[in-house]
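Dear colleague,

I am passing on the structure we spoke about, with the sequence alongside it. Please look it over first, and then read the notes below with the structure open.

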Amino acid sequence: MKIKPCCHYCGNSQHVRKHGVSRARIQRYLCMSCNQTFQVRYIYHSYESNVYQLIDKMLSEGQSHISIARQLGIDAILISRHVLNADIDQ
Ligand SMILES: [Zn+2]
């Protein structure tokens with residue numbers, strides 16, 4: 001899934017480029033316009049949207065896949081797949 005992120009600080013999307021991934025393996029972006037880095041959450045629909053936002057949030061807090069799966073009551077494979085999808089889009 002390709003997304004076109006906007007800078008969270010100045011709203012610019014023309015001068016935003018990928019800037020590696022965070023320790024929680026969330027894609028980071030660098031805005032060349034205001035020189036800020038930020039992370040973008042992947043956009044999913046409806047139910048999945050909420051779950052994956054939660055996963056991203058928990059990953060960014062450094063929680064393990066197993067721990068997140070247990071708390072959300074989902075299969076850990078979903079989280080692995082989510083992380084893998086995010087990696088592919090780098
Ligand atoms: Zn900016």
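To begin with a local detail, a polar atom of the Asp 75 side chain lies 3.0 Å from the backbone nitrogen of Ile 77. Please bear in mind throughout that this is a predicted model. Asp 75 itself belongs to the loop that runs between H2 and H3, and it counts as partly exposed because its relative accessibility is 49%, a value that falls between the 20% limit for buried and the 50% limit for exposed. Across a separation of 10 residues in sequence, the C-alpha atoms of Asp 75 and His 65 are 9.3 Å apart in space.

The residue that follows, Ala 76, is found in helix H3. If residues up to four places away in sequence are left out, Ala 76 touches His 65, Ile 66 and Ala 69. Ala 76 and Ser 64 are 12 residues apart along the chain, and their C-alpha atoms are separated by 9.6 Å.

Stepping back to the chain as a whole, the protein has three helices and three strands, and along the sequence these follow the pattern β-β-β-α-α-α. Of its 90 residues, 37% count as buried, while the chain exposes about 5800 Å², of which carbon and sulfur atoms supply 51%. When contacts between residues at least 6 apart in sequence are considered, 35% of them join residues at least 24 apart.

The strands form an open sheet in the order E1-E2-E3, with antiparallel pairing. Strand E1 (16–21) and strand E3 (37–39) are the edge strands, each pairing on one side only, and from one strand to the next the twist averages 35 degrees. E1 and strand E2 (residues 27–31) run antiparallel and are joined by four bridges; Lys 18 has Tyr 29 in E2 as its bridge partner, and Arg 17 stands opposite Leu 30 in E2. As general background, side chains in a regular strand alternate between the two faces of the sheet.

Two positions in this part of the chain deserve a look at their backbone angles. E1 and E2 form a hairpin with five residues between them, and Arg 25 in that turn has a positive phi of about 65 degrees. Asn 35, in the loop between E2 and E3, likewise has a positive phi, near 65 degrees, although the residue is not a glycine. Asn 35 counts as exposed because its relative accessible area is 59%, which is over the 50% cut-off.

Turning to the interior, which residues have the most contacts inside the largest nonpolar core? That core has 13 residues, and the ones with the most contacts inside it are Ile 55, Leu 59, Ile 68, Ile 74 and Ile 79. H1, helix H2 (65–72) and helix H3 (76–88) each supply at least two residues of this core, and H1 gives the most to it, with five residues. Apart from this core lies another, of six residues, among them Cys 7, Val 16, Tyr 29 and Phe 38. In general terms, nonpolar side chains in soluble globular proteins tend to be buried together.

For Ile 55, setting aside neighbours within four places in sequence, the residues in contact are Ile 68, Leu 72, Ile 74, Ile 79 and His 82. The last of these, His 82, lies in helix H3 and is buried, with a relative accessible area of 2%.

That histidine leads to a polar pair that I would ask you to examine with some care. Asp 56, which lies in helix H1 (residues 46–60), has a side chain joined to that of His 82 by a polar contact of 2.8 Å. Are the two residues buried or exposed? Asp 56 counts as buried because its relative accessibility is 5%, and His 82 is likewise buried because its relative accessible area is 2%, both values being under the 20% cut-off. The contact therefore links two buried side chains, one from a residue of helix H1 and the other from a residue of helix H3.

With best wishes

Terms used. Residues numbered from 1 in each chain as written. Predicted model: local features only at pLDDT ≥ 70, side-chain atom pairs only at ≥ 80, totals over all residues. Heavy atoms only, no water. Buried < 20%, exposed > 50% of the residue type's maximum accessible area, 1.4 Å probe, protein only. Contact = heavy atoms within 4.5 Å. Areas by Shrake-Rupley, 256 points an atom, 1.4 Å probe, with all protein chains shown as cover. Polar contact = N/O pair within 3.5 Å; in protein donor to acceptor, adjacent residues only side chain to side chain. Pairing = 2+ DSSP bridges. Axes fitted to C-alpha atoms, helices over the stretch in contact; angles between N-to-C directions. Core = buried A, V, L, I, M, F, W, Y, C linked by side-chain atoms within 4.5 Å.
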